[in-house]
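Reader: I'm new to this one and would like a close look at a single part of it. Could you take me through it slowly, starting from one spot and working outwards?

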Amino acid sequence: MRWRLPYADPLLLPLVFLLNGLGLSMIYRLDQADRLASANLQMMWLGASVVVFCGVVVLLRDHRVLQRYTYLWFLAGFLLLLTPLVPGLGKESHGARIWIRLGSFSFQPAEIAKIVLSIAFASYLVEKRDVLATAGRRFLGIDFPRARDLGPIGVVWVFSLIILMFEKDLGTTLLFFGLFVAMLYVATERPSWAILGVVMVGALGVVGYSMFDHVQTRFSSWLNPFSDYDKNLQVISAQFGFAWGGLFGTGWGLGHPYLTPLSKNDFIGAALGEELGLFGLYAVVMLFGIIVARVLRAALGSNEPFGKLLATGLAFAFALQVFVITGGITRLLPLTGLTTPFVSQGGSSLISNYIMLALMLAITHQVRRPQAEAPAGEFASLSARPPRPSPRYQPQPRSPAPTRHAPTPPRSARPSRWEWTTPPCPIRSPRPTPAPGRRTSHERPHPQSLHRRHGHVLGPDAQLDLRLPLPQ
């Protein structure tokens, strides 16, 4: 870190290690009850994640090179999301087909896809934000986009619907579509996109509830968990754990979090809430909030649009995942099946979150780097701050007034548009000289302002000779 990214945010990595250590400790504590070796497997995945993190930090010093491959990122992200649908490769678990099996290991490609699509969305919106920000019809005081500009959000919505129908995973669908809507709102600064996104998310929820039984079960466990004890055992056990722990918890190792199904994966937050109490769970959520706040602060300080949008997208994806899973275990939202970043057991989640951390550190390094040390390379104009504007006019030493009928200087010798000089010669009126005996006006001084005429710049000492005939 000090070698490659010395100016990166100093709080991100310690906070991540704190969360990672807390989750690893809880997994080891749960191993004492079920006599498994999940902590050893998680340590192996942690080592692999750190290796991948170091590789990204070493190879990707400047995040702006990622902007070159917009449509390749889109293609890679969509292929990753559709990989579980390949026969013989995808695996269904708990009603959702979001896993792929490689030998004895299982991997969730949607975890990597959210990072790839964050890069693709940021690169695309940098190019198209002026078009997407064009206002259409105005309704209830809000400027809605034009119908022909609804293509991108329509394509993403249809693709989200395909994921929901064939992979039957509501959490990935909401994360994917919500990420695009949030970045679109940040890029265009129009609330109409956020309103349309909320309406379309509601439509996705209605479609999922009407088509799939496991989605109906999750809504039932959210609204009325005690209606069916067998189907809603997971949520009911978590509620009893929170009630048993209270505000301050039962103490580390003194509770019974292993009675909750999937307490090492989806419901590790319920295990922490039982033994650390609601105050302890709120403290963990605050750690996530500090990470999001630091990345959003870097996004506000960025001077180039791609880094601003990419940092915003990564922070929003991170925050949305924490909010959805925490709301699911506390019955604030329906349960979606997402994992708690850096805390839950799982190799794919851990590796993808460390890749996201490397991108966050690279962006904060570029934002916090002193401008005098910025490299003079291809992206130097993007990273450097705009120079302080110079005064509009730079006074020059005055030269002696030229003769009255001096010839016009050549074009190369004429003063520049920012110089304030004396004129090479006075400008005469194009009118012909009046006949003898006609009265003419006296020469008067030119007003104290800058004028241009016929390529000459007139200063405050210029004399304008206007010989106009006066009425008899």
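How are helix 10 and helix 12 set relative to each other: parallel, antiparallel, perpendicular or oblique?

Author: Before anything else, keep in mind that this is a predicted model. Now to your pair. The axes of helix 10, residues 268–301, and helix 12, residues 347–368, come within 9 Å and cross at roughly 45 degrees. Helix 10 and helix 12 are therefore oblique to each other, since an angle counts as roughly parallel under 35 degrees and as roughly perpendicular from 65 to 115. As for handedness, helix 10 goes past helix 12 in a left-handed crossing.

Who actually does the touching? On the helix 10 side you'll find Arg294, Val295, Ala298 and Gly301, and on the helix 12 side Met360, Thr364, Val367 and Arg368. Sort the residues of this contact by class and you get 4 nonpolar, 2 polar and 2 charged.

Let's zoom in on one of them. Thr364 belongs to helix 12, and with a relative accessible area of 1% it is buried, because anything under 20% goes by that name. The Thr364 side chain reaches the backbone oxygen of Leu361 at 2.9 Å. Leaving out residues up to four places away in sequence, Thr364 touches Tyr7, Ala8, Asp9, Leu12 and Ala298. Ala298 you have just met as part of the helix 10 side of the contact. Leu12 is a good one to follow, as it leads us to another helix.

That helix is helix 1, residues 12–34, which packs with helix 10 at an angle of about 160 degrees, the axes being 10 Å apart. That makes helix 1 roughly antiparallel to helix 10, the cut-off for that word being over 145 degrees. The crossing of helix 1 and helix 10 is left-handed. From helix 1 the contact takes in Leu12, Leu15, Val16, Leu18, Leu19, Leu22, Gly23, Met26, Ile27 and Arg29. From helix 10 come Ile268, Ala271, Leu272, Glu275, Val284, Leu287, Phe288, Ile290, Ile291, Arg294 and Val295. By class, the residues of this contact of helix 1 with helix 10 are 17 nonpolar, 1 polar and 3 charged. Arg294 and Val295 of helix 10 are in the list for helix 1, and they are also in the list for helix 12.

Helix 12 has another link worth a look, this one to helix 2. Val57 sits in helix 2, residues 38–59, and is buried, with a relative accessible area of 6%. Val57 and Ala358 are 301 residues apart in sequence, yet 5.9 Å apart in space from C-alpha to C-alpha. Neighbours within four places in sequence aside, Val57 is in contact with Arg4, Leu5 and Ala358.

What about the stretch leading up to helix 12? Two residues in the loop between helix 11 and helix 12 deserve a mention: Arg331 and Phe342. Helix 11 itself covers 305–329. Phi of Arg331 is near 65 degrees, which is a positive value in a residue other than glycine. Phe342 has a positive phi too, near 70 degrees, and again the residue is not glycine. Their surroundings are described by other words: Arg331 is partly exposed at 29% relative accessible area, while Phe342 is buried at 3%.

If you'd like another helix pair to set beside yours, try helix 7, residues 191–211, and helix 8, residues 213–223. They pack at an angle of about 110 degrees with their axes 5 Å apart, and are therefore roughly perpendicular to each other. Gly208, Tyr209, Ser210 and Met211 of helix 7 make this contact with Asp213, Val215, Gln216 and Phe219 of helix 8. The classes here come to 4 nonpolar, 3 polar and 1 charged.

Finally, step back to the whole chain. The secondary structure comes to 13 helices and 11 strands, and of the 472 residues, 44% count as buried. Among contacts with a separation of 6 or more, residues 24 or more positions apart account for 71%. The pairing of Val57 with Ala358, 301 residues apart in sequence, gives you one such distant pair to look at.

Definitions and conventions: Residues numbered from 1 in each chain as written. Predicted model: local features only at pLDDT ≥ 70, side-chain atom pairs only at ≥ 80, totals over all residues. Heavy atoms only, no water. Axes fitted to C-alpha atoms, helices over the stretch in contact; angles between N-to-C directions. Helix = DSSP H or I, 4+ residues; strand = E, 2+ residues; numbered from the N terminus. Left-handed = near helix turned anticlockwise from the far one by under 90°. Contact = heavy atoms within 4.5 Å. Nonpolar A, V, L, I, M, F, W, Y, C, P; charged D, E, K, R; others polar. Buried < 20%, exposed > 50% of the residue type's maximum accessible area, 1.4 Å probe, protein only. Polar contact = N/O pair within 3.5 Å; in protein donor to acceptor, adjacent residues only side chain to side chain.
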